[in-house]
Amino acid sequence: MTLLLQPGPCRRSGEKMDSEPLVRITGVAKSYRRGSQLVPVLEDITFAIPSGEFLALMGPSGSGKSTLLNLIAGIDTVDSGSILIGGEEITGLSEQEMAAWRSMNVGFIFQFYNLIPVLTAFENVELPLLLTGLSRRERRSHVDTVLELVGLSDRMDHYPGQLSGGQQQRVAIARAIVTDPAIIVADEPTGDLDRVSAGDILLLLDRLVREFGKTVIMVTHDPRAAEKAHRVIHLEKGLLVTDPGFHDSHH
Amino acid sequence: MFFLKLIIRNTMRHPLRSLLTVAGVAIAIIAFGLLRTLVELWYLGAESSSATRLITRSSISLVFSLPISYRDKIRQVPDVTAVANANWFGGIYKTEKNFFPNFAVSDNYLDLYPEFMLSGDELKGFRMDRKGAVAGRKLALKHGWKLGDQITLKGTIFPGEWDFVLRGIYRGSERTTDETQFFFHWDYLNETLKRTIPRRADQTGIFLVGVKRPEQAAEVAQSVDDQFRNSLAETLTETEKAFQLSFVAMTEAIVIAIQIVSYVVIVIIMVVAANTMAMTARERISEYATLKTLGFGSIHIGGVIFGESLAVSLAGGLIGIAATYPAAHWIESELSQFFPVFRVTGETVLLDLLAALVVGCVAGVFPTWRGVTIKVADGLRRIG
Ligand SMILES: Nc1ncnc2c1ncn2[C@@H]1O[C@H](COP(=O)(O)OP(=O)(O)OP(=O)(O)O)[C@@H](O)[C@H]1O
Ligand SMILES: [Mg+2]
């Protein structure tokens with residue numbers, strides 16, 4: 001059995017080449033239809049994310065940050081361009097294949113936590129494991145491990161409504177990492193939190209990158225959050241405005 | 001297992017809303033069940049009638065009587081095994097609210113009605129007493145009558161106070177047998193009439209004609225009517241079932257109206273439940289999108305939404321079915337003058353269940369479809 005939370009690249013990557021980035025986005029465009037009008041949201045986006053990077057996506061509201069994040073995470077589809085993740089092209093996948101791919105390779109963290117209110121912290125974290133073939137006992141040990149990691153072992157029987165915002169977000173982080181995915185996407189994970197809780201969350205994300213080799217892609221408006229990242233990419237009106245290449249200098 | 005837990009907890013999220021929906025479905029099912037029972041009841045008289053009994057009445061109308069002398073002539077028609085006669089008496093016991101059917105009948109009338117079960121002693125006692133009477137078990141129970149009690153009926157068709165002595169209490173052999181009827185001797189009526197209103201004596205409302213086999217009924221009916229063709233009082237003979245159905249036919253429009261209302265009730269609750277389920281699913285759309293994000297498929301998400309809709313309406317349905325029995329019992333005991341037998345049949349329970357199931361499916365189908373087809377990214381945008 002694979003050890004939980006081992007550092008490493010995307011599981012599906014086969015033979016990993018050091019030079020090959022984990023995520024390679026080439027010429028991606030996306031527009032939405034508003035009435036009869038086609039509104040371009042992303043235009044010709046090209047950049048790469050190496051494995052183990054903590055990347056921040058910044059930009060004004062409506063610039064397409066969430067849209068880009070959704071495309072990388074496989075919950076939205078491109079109009080054109082290619083997204084290679086761990087060497088696998090995900091733009092051609094069917095909805096079902098996409099769902100299966102997501103459940104194995106991506107962990108999600110949202111601004112408003114998106115926990116299921118009728119499930120306890122434990123059950124919320126257990127959710128993604130229900131799609132795996134793990135036994136009840138194995139699931140329990142995985143959930144215990146990640147709840148311990150986020151420091152909420154004593155709150156596992158609490159419902160989301162009984163937890164603070166920061167605690168809920170930590171449960172969400174536990175849920176995001178319980179299946180040990182290579183990529184964690186976080187859309188304004190600290191957007192709804194006070195400074196102290198936000199600091200805790202950022203610390204946790206940083207640990208995931210440094211200790212467990214996760215690749216974290218985080219959308220944020222908060223410069224303090226962006227400081228934690230190895231690299232910041234700026235989006236404006238659907239275009240990249242900073243150097244799209246990646247530095248080897250990080251970390 | 002996990003999803004069952006999720007469904008149950010989801011239904012408990014807005015306890016008042018769920019309670020009201022469950023109560024609404026339950027009440028609709030009770031109404032539906034009782035209305036169906038009422039409709040069944042309408043046809044019950046015809047259904048429980050015997051195929052070997054014919055009824056001969058005046059061809060003009062039931063309110064015209066026939067001469068009693070016809071009895072012997074009918075008896076001579078081939079294949080006729082017995083002839084009895086009965087007269088609707090229309091007597092009132094104390095007040096009009098106590099309505100029950102009461103008939104003046106010939107001595108052999110009860111022989112033709114084996115479903116009215118009377119002990120040999122009571123039958124003998126009835127026959128020996130000129131003023132003797134027999135009442136159904138439920139009727140006797142309702143008024144607290146015991147054997148030997150004197151019962152006075154106020155005549156409406158036949159004026160005066162009429163005294164009877166209760167000599168027998170019959171039980172129905174079938175669940176559906178009417179146990180609220182009251183019989184006394186036609187001879188007693190006739191003798192009194194001879195003294196008081198002689199022109200109304202020696203007449204009867206109907207003749208009961210017994211045949212051995214149901215196949216003989218048509219031919220016998222024809223022969224009986226042929227005998228009295230072109231006489232002063234022509235007859236119309238038909239099976240007891242046809243006779244009962246002719247009563248139902250008079251009120252068929254009401255039966256159809258009741259049937260329509262019973263379905264309308266279900267349609268109304270369907271719309272209400274569908275609205276509630278749609279509202280519920282709309283509130284949770286971001287949760288369903290989250291589940292989808294985590295990799296859950298249509299079966300899981302559809303199952304959770306549809307399951308909740310089914311759970312709520314089935315709970316309502318089961319409560320409704322359970323409550324239909326005491327409601328029917330109450331009607332039977334309190335309104336026995338209108339509904340001598342008011343029993344919920346297995347068929348009605350099945351229809352109840354089916355109705356609850358249909359309500360659950362219809363209410364669940366739209367929200368389920370929405371939950372299953374929503375795009376993850378769109379669903380996630382509806383947060384906050
Ligand atoms: N499903 C959709 N249908 C139509 N338009 C959409 C849809 N999703 C996004 N958009 C539009 O695309 C643009 C970019 O949206 P996006 O959510 O990616 O912005 P953002 O950078 O995340 O903004 P914010 O910082 O406010 O979250 C916006 O103008 C938005 O209105
Ligand atoms: Mg956004």
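The following questions and answers go through a predicted model with chains A and B.

Student: How many helices and strands does chain A have?
Tutor: Of the 251 residues in chain A, 54% are buried. The accessible surface of chain A is about 11200 Å², and carbon and sulfur atoms hold 49% of that area. The secondary structure of chain A comes to 7 helices and 10 strands.

Student: What share of the contacts in chain A with a separation of 6 or more comes from residues 24 or more positions apart?
Tutor: A contact here means heavy atoms within 4.5 Å. Among the contacts in chain A with a separation of 6 or more, the share from residues 24 or more positions apart is 72%.

Student: Which strands are the edges of the open sheet of 4 strands in chain A?
Tutor: The strand order in this sheet is S2-S1-S4-S5, and the pairing is antiparallel. S4(A), residues 80–85, is joined to S5(A) by 2 bridges, and A:Leu84 stands opposite A:Glu89 of S5(A). An edge strand pairs on one side only, which here applies to S2 (37–49) and S5 (88–89) of chain A.

Student: At what angle does helix H1 of chain A run to S2(A)?
Tutor: Helix H1 covers residues 65–73 and lies across S1 (23–34), S2 and S4 of chain A. Its angle to S2(A) is about 60 degrees.

Student: What is the strand order in the open sheet of 6 strands in chain A?
Tutor: The pairing in this sheet is mixed. Its edge strands are S6 (106–109) and S10 of chain A. One parallel pair is S3 (residues 54–58) with S9(A), over 4 bridges, whereas S9(A) and S10(A) run antiparallel with 2 bridges. The full order is S6-S7-S8-S3-S9-S10.

Student: Which residues of strand S9 in chain A point to the buried face?
Tutor: In a regular strand, side chains alternate between the two faces of the sheet. In S9(A), residues 231–236, A:Val232, A:His234 and A:Glu236 point to one face and are not buried. The residues that point to the other face and are buried are A:Arg231, A:Ile233 and A:Leu235.

Student: Which residue in the turn between S9(A) and S10(A) has a positive phi?
Tutor: S9(A) and S10(A) form a hairpin with 2 residues between them. A:Glu236 stands opposite A:Leu239 in S10(A). The turn residue with a positive phi, about 50 degrees, is A:Lys237.

Student: At what angle does helix H6 of chain A run to S8(A)?
Tutor: Helix H2 (residues 95–105) lies across S6 and S7 (183–187) of chain A, at about 80 degrees to S6(A). Helix H6 (residues 195–212) lies across S3, S6 and S8 (215–219) of chain A. The angle of H6 to S8(A) is about 150 degrees.

Student: Which residue of S8(B) stands opposite B:Leu153?
Tutor: B:Leu153 belongs to S7(B), residues 150–154, where B:Ile151 and B:Leu153 point to one face and are buried. S7(B) and S8(B) pair in the antiparallel sense over 5 bridges. The residue opposite B:Leu153 is B:Trp162.

Student: Which strands of chain B do the buried residues of H6(B) pack against?
Tutor: H6(B) spans residues 186–196, and its buried residues include B:Trp186, B:Leu189 and B:Leu193. They pack against S3 (80–88), S4 (102–105), S8 (161–172), S9 (182–185) and S10 (203–204) of chain B.

Student: How many residues apart in sequence are the parts tied together by B:Glu115 and B:Arg53?
Tutor: B:Glu115 forms a salt bridge with B:Arg53, with the closest N and O atoms 2.7 Å apart. B:Glu115 lies in the loop between S4 and S5 (116–117) of chain B and B:Arg53 in S1 (residues 53–58) of chain B, so the pair ties together parts separated in sequence by 62 residues.

Student: Is B:Arg53 buried or exposed?
Tutor: Buried means under 20% relative accessible area. The relative accessibility of B:Arg53 is 3%, so B:Arg53 counts as buried.

Student: Which residue forms a salt bridge with B:Arg343?
Tutor: B:Arg343 is partly exposed at a relative accessible area of 30%. The salt bridge has an N to O distance of 3.2 Å, and the partner is B:Glu332.

Student: What accessible area do B:Ile256, B:Ile260, B:Val264, B:Ile268 and B:Val272 have together?
Tutor: One of these residues, B:Val272, lies in helix H9 (residues 252–283) of chain B. B:Val272 counts as partly exposed, at 45% relative accessibility. The five named side chains form a nonpolar patch on the surface, with a joint accessible area of about 430 Å².

Methods. Residues numbered from 1 in each chain as written. Chains lettered and ligands numbered in written order. Predicted model: local features only at pLDDT ≥ 70, side-chain atom pairs only at ≥ 80, totals over all residues. Heavy atoms only, no water. Patch = residues over 30% accessible without salt bridge, like charges linked within 9 Å, V, L, I, M, F, W, Y side chains within 5 Å. Areas by Shrake-Rupley, 256 points an atom, 1.4 Å probe, with all protein chains shown as cover. Salt bridge = Lys/Arg side-chain N within 4 Å of Asp/Glu carboxyl O. Buried < 20%, exposed > 50% of the residue type's maximum accessible area, 1.4 Å probe, protein only. Pairing = 2+ DSSP bridges. Axes fitted to C-alpha atoms, helices over the stretch in contact; angles between N-to-C directions.
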